[in-house]
Amino acid sequence: MSGPSDAEPLGRHDDTIKKVAYLYAKGEPQKRIAGLLSLSPSMVSRLVDQARNVGLVRETIECQLTEPEQQRLHDEVYRGKDLLTKLKDVAYDSGVGSLTQLQIVPTGLEIKNDASWDQAVAVFGHKAASYCLTLLRGCEACKILGVTYGRTLAALASGLEEVTATQGRPKTPITCVPLWGEPLSPWEEPRSQVFRDPAKLSSSGLAADMHRILNGWGSHTHQPPGRTTKSLPRPLHLSFIPAFRPEPERFSEAECSAMLKFACSVSSYAEIFPVPEDWLAFAPARQSRSKPDRRSEPTGADVKLPLVEHLDAILTSVGSKDQPGRFWSGEFFRQGDIDLPKLRRGAFGDLGGAFIINPAANKADREYVEAVNKRWTGIKEPHFRRCALRARENNLPGVTVLAVGAVRAEIVLQCLKLGLINHLILDTDCADELHKLAG
């Protein structure tokens, strides 16, 4: 290793050294730094040594540059501002631009297989936590937060728990609302060494965790000292609500009605979603929203029911039709009587479980996706659009999408074109692919 006397003094290369120092401190492998900065690996190694010698990085791998300087280098290296401009132009061309902010989060990990994917998601969620917390708590008007499903949000919840551990409770409680029912299929044995508890991946489980974490309850589940029951919103749940309404061919109308009547009577479904007219004509849950003036007393939020129409923010990920093994798994859809090949032909992917139709698909496949969307009991595309619109008009957080991996770039781009995203948080692989797709 070169000593201090051998180091080239800072001069015309000082900005390059700063970039190397910043990326190295962020955990980027030297091989990737070389690719990002168009340098040889040996040159990167020498510049890392120089950065150490001149004090830009310490052995604890903490970047010593100021926050504004780090942000400048972040935008320059990862082309964050360029990508945001591109994506705003894409959305503007469709007439429904909604994107306001973009954050690129490097994980420092190369995604090669399912195990490395889970590791990257875990790192991504922890690194994105501070940004999301600032977004949610920085807006005093944000009282109703919708939460979808999956590993990315589970990793984010874990990161939020660490970030909020040293912070006080928010002035205004946040009502966390699950936006999915439960899969019809039994949970498979977890293949992941990172995400081993399937219940923690469900929308209801994640909403309960977010509810506890964001309201400053800590790791316990009991009532915090000094706060009354009425001062805190209670967690809502969609237990017993199937993610897909059963096919009429498998169950009679009376059987479907009985199942859904039971599910809604023991869950928060009628508080969160409008109950369809052909569901539960005499269900107690339906009566709870029968008066237009009724306020959401159980949640503590001063809004009218159903809550999905009044979301101030949504945290969600996206699903790619080209990445099987998660939501787009054969087992999940088989239990819901879903024809997976048809769905893949007719949809780009999903936004929080709502399937985004591919207009270039043939008519039969598009109609099939429409039929599946009607059976979907969770949040739908119009709800995302209304939340994004309310955010633009009322300076709310709106729809925040977290996406890891190049395979998700296409579905992210389609959601942007439809005006469904206000804040976008990406890893470097997804950001690089979006650069290519956006032209």
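## Briefing: a buried leucine, two helix pairs and two loop residues

Let's start inside the protein: L153 has a relative accessibility of 0%, so this leucine counts as buried. The model you are looking at is predicted. The protein contains 17 helices and ten strands, and 52% of its 439 residues count as buried. Among contacts with a separation of 6 or more, 72% join residues that are 24 or more positions apart.

**Around L153**

- L153 belongs to helix α7, which covers residues 151-164.
- Setting aside residues up to four places away in sequence, L153 touches V147, T148, L206, M210, L315, T316 and L402.
- One of these partners, L206, sits 53 residues from L153 along the chain, and the C-alpha atoms of the two are separated by 7.4 Å.

**Helices α1 and α2**

- Helix α1 spans residues 14-25 and helix α2 spans residues 30-37; their axes come within 10 Å and cross at roughly 140°.
- An angle over 145 degrees would be needed for roughly antiparallel, so α1 is oblique to α2.
- The α1 and α2 crossing is right-handed.
- On the α1 side, the contact uses K19, V20, L23 and Y24, and these meet Q30, I33, L36 and L37 of α2.
- Sorted by class, the residues of this α1 and α2 contact are six nonpolar, one polar and one charged.

**Helices α16 and α17**

- Nearer the end of the numbering, α16 packs with helix α17 (residues 428-438) at an angle of about 60°, and the two axes are 9 Å apart.
- Roughly perpendicular begins at 65 degrees and roughly parallel ends under 35, so α16 is oblique to α17.
- The crossing of α16 and α17 is right-handed.
- From α16 come A409, E410, V412 and L413, while α17 supplies C430, E433, L434 and L437.
- The class count for the α16 and α17 contact is six nonpolar, no polar and two charged residues.

**Q414 in α16**

- Helix α16 runs over residues 409-417 and includes Q414.
- Q414 has a relative accessible area of 15%, and because buried means under 20%, this glutamine is buried.
- Leaving out residues up to four places away in sequence, Q414 touches F348 and I356.

**Cysteines**

- A search of the whole structure for disulfides finds zero.
- C63 has 17% relative accessibility and therefore counts as buried.
- C430, one of the α17 residues in the contact with α16, has a relative accessibility of 0% and so also counts as buried.

**Two loop residues with positive phi**

- S38 is a residue other than glycine with a positive phi, near 55°.
- The place to look for S38 is the loop between α2 and α3 (41-53).
- With 67% relative accessibility, S38 counts as exposed, because exposed means over 50%.
- N395 is not a glycine either, yet its phi is positive, at about 55°.
- N395 lies in the loop that runs between α15 (381-394) and β9 (398-403).
- The relative accessible area of N395 is 65%, so this asparagine is exposed.

Methods:
Residues numbered from 1 in each chain as written. Predicted model: local features only at pLDDT ≥ 70, side-chain atom pairs only at ≥ 80, totals over all residues. Heavy atoms only, no water. Axes fitted to C-alpha atoms, helices over the stretch in contact; angles between N-to-C directions. Helix = DSSP H or I, 4+ residues; strand = E, 2+ residues; numbered from the N terminus. Parallel < 35°, antiparallel > 145°, perpendicular 65-115°, else oblique. Left-handed = near helix turned anticlockwise from the far one by under 90°. Contact = heavy atoms within 4.5 Å. Nonpolar A, V, L, I, M, F, W, Y, C, P; charged D, E, K, R; others polar. Disulfide = S-S within 2.5 Å. Buried < 20%, exposed > 50% of the residue type's maximum accessible area, 1.4 Å probe, protein only.
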